[in-house]
Amino acid sequence: MAKVGNRQKKTLVCTVCKSENYREEKNVRNTTERLEKNKYCAKCGKHTPHKEKK
């Protein structure tokens, strides 16, 4: 059975305009590197790379 407390909510920030657009859950024990995904940014009006906030 999975242990409680391995998953944390992380904020994704647009690399172009620096706006915080998305919140995603991440298993911090299995995935130690930062998330980076291409997501739609409403402020930019296009798909841009989003990285996990520090």
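**Cysteines and overall form of the chain**

Cys41 is buried, with a relative accessibility of 0%. In this predicted model, the closest cysteine sulfur to that of Cys41 belongs to Cys17, at 3.6 Å, which is too far for a bond. Cys17 also holds the closest cysteine sulfur to that of Cys44. Here the distance is 3.5 Å, again too far for a bond. The cut-off for a disulfide is 2.5 Å between sulfur atoms. The count of disulfides is therefore zero. In contrast to the buried Cys41, Cys44 is partly exposed, at 26% relative accessibility.

The secondary structure consists of four strands and zero helices. The order along the sequence is β-β-β-β. Of the contacts in the chain with a separation of 6 or more, 31% join residues 24 or more positions apart.

The chain has a radius of gyration of 13 Å, whereas a compact globule of 54 residues would have one near 10 Å. The C-alpha trace spans about 40 × 15 × 15 Å along its principal axes. Buried residues make up 28% of the 54 in the chain.

The exposed area of the chain is about 4300 Å². Carbon and sulfur atoms contribute 46% of this area. The chain carries 16 positive and 6 negative charges. The mean positions of these two sets lie 3 Å apart.

Key:
Residues are numbered from 1 along each chain as its sequence is written. This is a predicted model: local features need pLDDT of at least 70, side-chain atom pairs count only at pLDDT 80 or more; totals for chains, interfaces and linings use all residues. Side-chain values use heavy atoms; hydrogens and water are left out. Buried means under 20% relative accessible area, exposed over 50%, partly exposed in between (1.4 Å probe, protein chains only). Helices (H or I, at least four residues) and strands (E, at least two) are DSSP runs, numbered from the N terminus. The radius of gyration is taken over C-alpha atoms; the globule rule is 2.2 Å times the number of residues to the power 0.38. Contact means heavy atoms within 4.5 Å. Accessible areas come from the Shrake-Rupley method with a 1.4 Å probe; for residues, only the protein chains shown count as cover. Lys and Arg count as positive and Asp and Glu as negative; His and the chain ends are not counted. The place of a charge is taken as NZ of Lys, CZ of Arg, CG of Asp or CD of Glu.
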